[in-house]
Amino acid sequence: MMNSANGMMSASSSSATTQSPALKTYFKTPEGRYKLHYEKTHPSGLLHYAHGKTVTQVTLAHLKDKQGPSTPPAPPSSFSASSGVRSAAARLLGGSNGSRALSFVGGNGGSKSISGNGRVGSLGSSSSSNSMATTNFDGKGTYLVFNVGDAILISDLNSQDKDPIKSIHFSNSNPVCHAFDQDARDGHDLLIGLNSGDVYSVSLRQQLQDVGKKLVGAQHYNKDGSVNNSRCTSVAWVPGGDGSFVVAHADGNLYVYEKSKDGAGDSSFPVVRDQMQFSVAHARYSKSNPVARWHICQGSINSIAFSTDGAYLATVGRDGYLRIFDYAKEHLVCGGKSYYGALLCCAWSMDGKYILTGGEDDLVQVWSMEDRKVVAWGEGHNSWVSGVAFDSYWSSPNSEGTGETIMYRFGSVGQDTQLLLWDLEMDEIVVPLRRCPPGGSPTYSTGSQSSHWDNASPVGTLQPAPSMRDVPKISSLVAHRVHTEPLSGLIFTQESVLTVSREGHIKIWMRPGVGESQSNNPETSLSTSMKEKPLFANKIVSSSYKL
């Protein structure tokens with residue numbers, strides 16, 4: 001699963017329907033030009049404000065080869081790869097033809113569509129006029145799932161069609177977050193969280209096979225707010241969790257569900273005694289769902305992210321704190337406060353060593369799991385940072401053959417409409433951290449991140465906001481205005497960088513050299529790159545920190 005600052009937005013922003021002349025269709029990096037290759041958007045007649053203003057989030061979903069005939073979507077998954085964007089970002093974007101036409105790729109085959117069964121009572125029919133919905137679906141492909149207004153939209157990344165191929169509308173509330181499990185076995189692989197607090201799990205394959213415009217075969221959790229009636233802010237599959245998933249809410253609570261259990265299972269929890277303290281409560285009965293409640297903080301949980309091995313869960317909230325939990329042991333490992341204001345987004349590095357956060361202080365913060373502290377601040381945004389992500393496909397020019405990552409590439413987007421790319425090489429950071437000895441002068445430390453502080457923070461403590469002089473500053477490698485609207489998130493894939501505005505407009509920026517090779521032979525380029533690049537799940541590195 002692409003997740004970012006989420007939920008209701010009180011301020012509106014203008015939605016551009018055409019490319020602004022001031023926006024360039026490329027940006028330069030040391031390795032070459034990234035070029036705008038195509039765009040995706042929502043149908044022009046979509047009602048944005050059906051149940052209030054929400055922010056668009058995006059999930060990339062890769063459906064593998066169909067295992068057999070369509071089956072009921074209820075059986076549990078044996079492995080949940082990751083949350084939302086992270087799980088699907090390892091898959092490739094579909095091949096494109098290199099045309100300058102600003103439209104998305106689409107059409108994953110030509111098999112006969114199969115009508116799904118089942119219906120969720122709270123869902124209304126779609127108002128979309130797109131009648132081609134699933135006639136070209138053959139059971140596999142890469143898709144883009146995103147929310148705009150009262151709809152979940154699904155676009156085919158192997159199609160030239162700019163509009164989505166499927167739209168599912170909700171009659172009582174807006175969808176605000178979603179996540180995809182790329183390794184679910186024939187069952188539900190897509191989570192959808194609503195502004196009302198309701199949560200649905202569905203089979204993405206079944207939605208694409210169904211010729212109608214209803215959500216089909218859905219499992220309904222927290223129906224009508226029976227467990228928690230506050231807004232869903234983020235959902236995530238538990239990596240390796242056998243179909244378990246977590247749902248974060250605007251009241252500071254996070255719930256653990258099991259897909260194999262009835263969504264309507266009775267579950268009640270004791271009243272939270274201290275809103276300021278972390279606490280965990282488990283359901284009283286074995287058939288209850290959710291099975292546990294984590295009270296994280298006072299105020300909204302804005303975003304959550306699992307480390308790639310599922311060992312740790314990071315949360316950021318309205319109170320400005322990053323919190324990192326040992327998920328299996330259900331205890332707080334570490335965390336700390338932003339320089340100012342709320343934190344809105346977070347993301348893990350592939351090796352689990354670093355966490356990015358962004359928020360209302362306009363900074364991108366880099367946190368170290370080894371030191372359990374912030375080790376760098378990225379300065380460059382002119383407004384709130386709404387999305388951050390590591391580029392796990394970028395290879396440092398100095399790390400060839402070493403087997404160790406010595407430089408990281410990551411990106412950030414903000415409400416200033418900019419995409420920023422950053423290179424982080426810890427060994428080259430010069431840090432004014434050592435305090436002045438009596439009668440002496442300040443000293444500067446260099447080297448690995450462990451030397452930035454004399455001691456790592458104690459386990460289980462939250463650090464106060466550091467002062468500006470105590471944290472090394474890094475500058476962005478690239479700063480490019482990519483949209484005319486505030487941005488809500490970004491995704492790195494092997495072939496591109498994907499940026500999305502909070503109004504539901506998405507752009508694909510192809511990496512240097514990729515667009516040209518696809519123009520010559522899109523089918524060959526895609527199949528070759530899939531063979532040469534290891535899949536995301538194969539790159540998982542177990543966390544080795546002893547806490």
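Buried means under 20% relative accessible area, exposed means over 50%, and partly exposed lies in between, using a 1.4 Å probe and protein chains only. Keep that scale at hand for the whole tour. The model is predicted, so local features need pLDDT of at least 70 and side-chain atom pairs count only at pLDDT 80 or more, while totals for chains, interfaces and linings use all residues. Residues are numbered from 1 along each chain as its sequence is written, and side-chain values use heavy atoms, with hydrogens and water left out.

**Stop 1: Phe245 and its ring partners**

Select Phe245 to begin. Its relative accessible area is 0%, so Phe245 is buried. Now add Tyr257: the two rings form a stacked aromatic pair, 5.2 Å centre to centre with 5° between the planes. For aromatic pairs, the rings are those of Phe, Tyr and Trp (its six-membered ring), with centres within 6.5 Å; planes under 30 degrees apart are stacked, over 60 edge-to-face, and the rest tilted. This pair links distant parts of the chain, with Phe245 in strand β12 and Tyr257 in strand β13 (residues 253-258), 12 residues apart. Strands here are DSSP runs of E with at least two residues, numbered from the N terminus. Both Phe245 and Tyr257 are buried.

Which other aromatic residue pairs with Phe245, alongside the 19 aromatic pairs that the structure holds? Add Tyr221, whose ring meets Phe245 edge-to-face at 5.2 Å centre to centre, with 75° between the planes. Tyr221 lies in strand β10 and Phe245 in strand β12 (residues 244-249), so the pair ties together parts that are 24 residues apart in sequence. Tyr221 counts as buried, at 0% relative accessibility.

For one more group of rings, select Phe278, Trp294, Phe306, Phe325 and Tyr327, which form one aromatic cluster.

**Stop 2: strand β5 and its sheet**

Next, select residues 151-156, which make up strand β5. Of its 6 residues, 6 are buried, so β5 is largely enclosed by the rest of the structure. Look along the strand: Ala151, Leu153 and Ser155 point one way, while Ile152, Ile154 and Asp156 point the other way.

Show the neighbours too. Strand β4 (residues 141-148) pairs with β5 in the antiparallel sense over 6 bridges, and β5 also pairs antiparallel with strand β6 (residues 166-169), over 4 bridges. Two strands count as paired if DSSP finds at least two bridges between them. Strands of a sheet pair through backbone hydrogen bonds, either parallel or antiparallel.

For individual positions, Val148 has Ala151 as its bridge partner in β5. Across in β6, Ala151 stands opposite His169, and Ile152 stands opposite Ile168. Between β4 and β5, a hairpin leaves 2 residues in the turn, where Gly149 has a positive phi of about 60°.

Zoom out to see an open sheet of 4 strands, in the order β3-β4-β5-β6 with antiparallel pairing. β3 (58-63) and β6 stand at the edges with a single partner strand each, so one side of each is left without a neighbour in the sheet.

**Stop 3: Asn289 and Pro290**

Move to the loop between β14 (279-282) and β15 (292-295), where Asn289 sits. Is Asn289 buried or exposed? Asn289 is buried, with a relative accessible area of 1%. Its side chain reaches the backbone oxygen of Glu258 at 2.9 Å. In the same view, check the bond between Asn289 and Pro290: the peptide is cis, with omega of about 15°.

**Stop 4: two aspartates with positive phi**

Select Asp224, in the loop between β10 (219-221) and β11 (232-237). Asp224 has a positive phi of about 55° although it is not a glycine, and it counts as exposed at 66% relative accessibility. Then jump to Asp362, in the loop between β21 (354-359) and β22 (363-368). Its phi is also positive, near 70°, and at 23% relative accessibility Asp362 counts as partly exposed.

**Stop 5: charges over rings**

Finish with Arg33, whose charged end sits over the ring of Tyr26, 3.9 Å from its centre. Lys337 does likewise with Tyr321, at 5.9 Å from the ring centre. A charge sits over a ring if NZ of Lys or CZ of Arg is within 6 Å of the ring centre and within 35 degrees of the ring normal.

Methods:
A polar contact is a pair of N or O atoms within 3.5 Å; within protein, one must be able to donate a hydrogen and the other to accept it, and residues adjacent in sequence count only if both atoms are side-chain atoms.
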